[in-house]
Amino acid sequence: MATFTVKKQQTKPYDGQKPGTSGLRKKVKVFQQEHYLANFVQSTINALPADKIKGSTIVVSGDGRYYSPDAIQIIIKIAAGNGIGQIWVGQDGLLSTPAVSGVIRNRVGSKGEKAYGAFILTASHNAGGPDEDFGIKYNTENGGPALESLTDKIFQNTKNIKEYFIAEGIPDVDIHKIGRSSFSGPSGEFSVEVFDATEDYVNLMKTIFDFEAISRLLARPDFTFCYDALHGVAGVYAKRIFVTELNATESSLLNCVPKEDFGGGHPDPNLTYAKQLVKTMGLGSPVPEEIPEFGAAADGDADRNMILGKKFFVTPSDSVAIIAANAVGAIPYFKNGLKGVARSMPTSAALDVVAQKLGLKQFEVPTGWKFFGNLMDAGMCSICGEESFGTGSDHIREKDGIWAVLAWLSILAYRNRDVAADGKLVTVEDIVKLHWQTYGRHYYTRYDYENVDAGAAKNLIDHLVKHHSDLDGLNKIIKDTRPEVAEVELGDEFEYTDPVDGSVSSHQGVRFLFKDGSRLVFRLSGTGSVGATIRLYIEQYQSDRSKTGADAAETLAPLVEVALVISKMEEFTGRSAPTVIT
């Protein structure tokens, strides 16, 4: 057994190491600065209880983006230097974010040990490569992202750090080969175990879904399937689950080889960036002769998803509502009923309507999966979702892109269980339109203005807040712009009091609530690595079943125009159009 010593390395703080809603994200070149990553890792360890972190097991893996292999080796050595007992690494350094959550919650080591937490190396849906983004976040004992109380401590530590502890004498560990490497240090034995990245996650999915029923659906001659991993970590799981376990053809998979630069693409599962899938599903031009019945995509770390039918897009807000409405019958995990449902504030109220009709508890929380985690830990929520293509349940404490795909396949299998092989297939579009007939339709769109000057973005939000004190003046502007748009009856900044721990989250987005149930929401996103991203959410509810089939863009056009006028979007940002429209 090789031995190592611990070096106390002197360092200086770096500005701006504040973790956002999903950790610290910066350009790769920022992370490559001397001591930059080490400072953040040491600051995180210093923020954890010393009696629990010493001798503990920590997971270290991610989406495989550029700089991940180097980062893993650095974290291993700092972990050893701080008396951590063991590191678990997914083979090739790959673990999806939901898989990490599952590993923390469920994996048991050879000595009966469980993981105390994890460093997840991902910038999620952001681009990867030498000139693109890298990220790191810490997940805690429940498998979920660190709460603000912990990230605040981490940030304070980064501002004052003077030294970190790193092991000397530990060679780089071969993360491509499954096995264990053991070393002896001042605190005793330290080991690194490289394990199969897919096995724990696949076993978890088998406890939730009826794989035989899904296999029968995929075997139907009239059902075709397509899954696009956008060269992210989801590809590893897609091959194992869809091909090996569910017997889908390998040709059903697109871009399922993980690449450190995501093949030069942007691993964000939306209609703008998932170009190949969008074209394959008949939503581009020209329209292919053969179009699959079902299509889905993932982001870089496989926690987000996009669901498509043949020439049909399912909004994430509708998706979580439809999963909740069908879960008890279609998904064995929920056979005894749902504890409750929750959505992020910017997400449409489609889930609220389902909850009301089914008599379920419903929660509206700020953006950030940690808020759902608190509700789940308290047994108050079973299914939740965000409009930003995140959907999940209480099986883990992260959103889960492949779970969402399996949920939709389960619903399709359930709806087609009595349809003969030569009968008419119940399609994705059929399910969505029937849902609208039952619950009404929330017309919904999101405009993203990415990499906006941070000062300009703040000024725009401040300008919008001023409208709250003069609704009469605001409504006059609206009337002059589009007379057919209803009046605003309430303007506020969303504030959330957590029903579990009583914590208060303020300034979570500027809202304008209209008398007809429409909403405009403006929010600054914390997921970018440079500048600011302004997200504008536009929603209009239609309860008249005869009017649920209209074109969404045409229906929302008056509200969109009002939103751009009252925010002075072009004046503040210099942008005449958004970067992405969803």
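Helices (H or I, at least four residues) and strands (E, at least two) are DSSP runs, numbered from the N terminus. The exercises below use these element names, and the model they treat is a predicted one.

**Exercise 1. Place lysine 114 in the chain and decide how far it is exposed.**

Step 1. Lysine 114 sits in the loop between α5 (97–106) and β6 (115–121).

Step 2. A residue is buried under 20% relative accessible area, exposed over 50%, and partly exposed in between. The relative accessibility of lysine 114 is 43%, so this residue counts as partly exposed.

Step 3. Leaving aside residues up to four places away in sequence, lysine 114 touches Thr57, Trp88, Ile104, Arg105, Asn106, Arg107 and Val108.

Step 4. Valine 103 is eleven residues from lysine 114 along the chain, and their C-alpha atoms are separated by 8.5 Å.

**Exercise 2. Describe the lining of the second largest pocket.**

Step 1. The volume of the second largest pocket is about 560 Å³.

Step 2. Its lining is made of 26 residues, and those nearest the centre are Phe313, Arg441, Asp551, Ala552 and Ala553.

Step 3. Two or more lining residues come from each of β15 (312–314), α15 (428–439), β20 (441–452) and α18 (552–567). With six residues, β20 gives the most.

Step 4. Sorted by kind, the lining of this pocket has 16 nonpolar, five polar and five charged residues.

**Exercise 3. Work out which residues of helix α17 are buried and how they are arranged.**

Step 1. Helix α17 covers residues 471–481, and its buried residues are Leu474, Asn475, Ile478 and Thr481.

Step 2. Viewed down the axis of α17, these buried residues fall within an arc of 120 degrees, so they line one face of the helix.

Step 3. Asp472, Lys476, Lys479 and Asp480 are exposed on the other side of α17.

Step 4. The packing partners of the buried residues of α17 are α16 (454–467), β21 (488–493), β24 (510–514) and α18. Helix α18 also gives two or more residues to the lining of the second largest pocket.

**Exercise 4. Examine the backbone at proline 286, histidine 507 and lysine 568.**

Step 1. Most residues other than glycine have a negative phi, and most peptide bonds are trans.

Step 2. Serine 285 and proline 286 are joined by a cis peptide bond, with omega at about 0 degrees. Proline 286 belongs to the loop between α10 (275–280) and β13 (294–298).

Step 3. Histidine 507 has a positive phi, near 55 degrees. This histidine is in the loop between β23 (504–505) and β24. Its relative accessibility is 62%, so histidine 507 counts as exposed.

Step 4. Lysine 568 is not a glycine, yet its phi is positive, at about 55 degrees. Lysine 568 is found in the loop between α18 and α19 (569–573). At 37% relative accessibility, lysine 568 counts as partly exposed.

**Exercise 5. Find the spans covered by the UniProt domain annotation and describe two of them.**

Step 1. According to the unreviewed UniProt entry, the annotation "domain: Alpha-D-phosphohexomutase alpha/beta/alpha" covers residues 17–164, 199–308 and 317–420.

Step 2. Residues 199–308 are 34% helix and 14% strand, with end C-alpha atoms 27 Å apart.

Step 3. Residues 317–420 are 45% helix and 15% strand, and the end C-alpha atoms of this span lie 31 Å apart.

Definitions and conventions: Residues numbered from 1 in each chain as written. Predicted model: local features only at pLDDT ≥ 70, side-chain atom pairs only at ≥ 80, totals over all residues. Heavy atoms only, no water. 1 Å grid on protein atoms, 1.4 Å probe; cavity = no way out; pocket = protein on both sides within 12 Å on 5 of 7 lines; lining within 4 Å. Points joined across faces, edges and corners; volume = space filled by probe spheres on them. Nonpolar A, V, L, I, M, F, W, Y, C, P; charged D, E, K, R; others polar. Buried < 20%, exposed > 50% of the residue type's maximum accessible area, 1.4 Å probe, protein only. Arc of directions from axis to C-beta. Contact = heavy atoms within 4.5 Å. UniProt positions renumbered as here; feature names shortened; annotations may be inferred.
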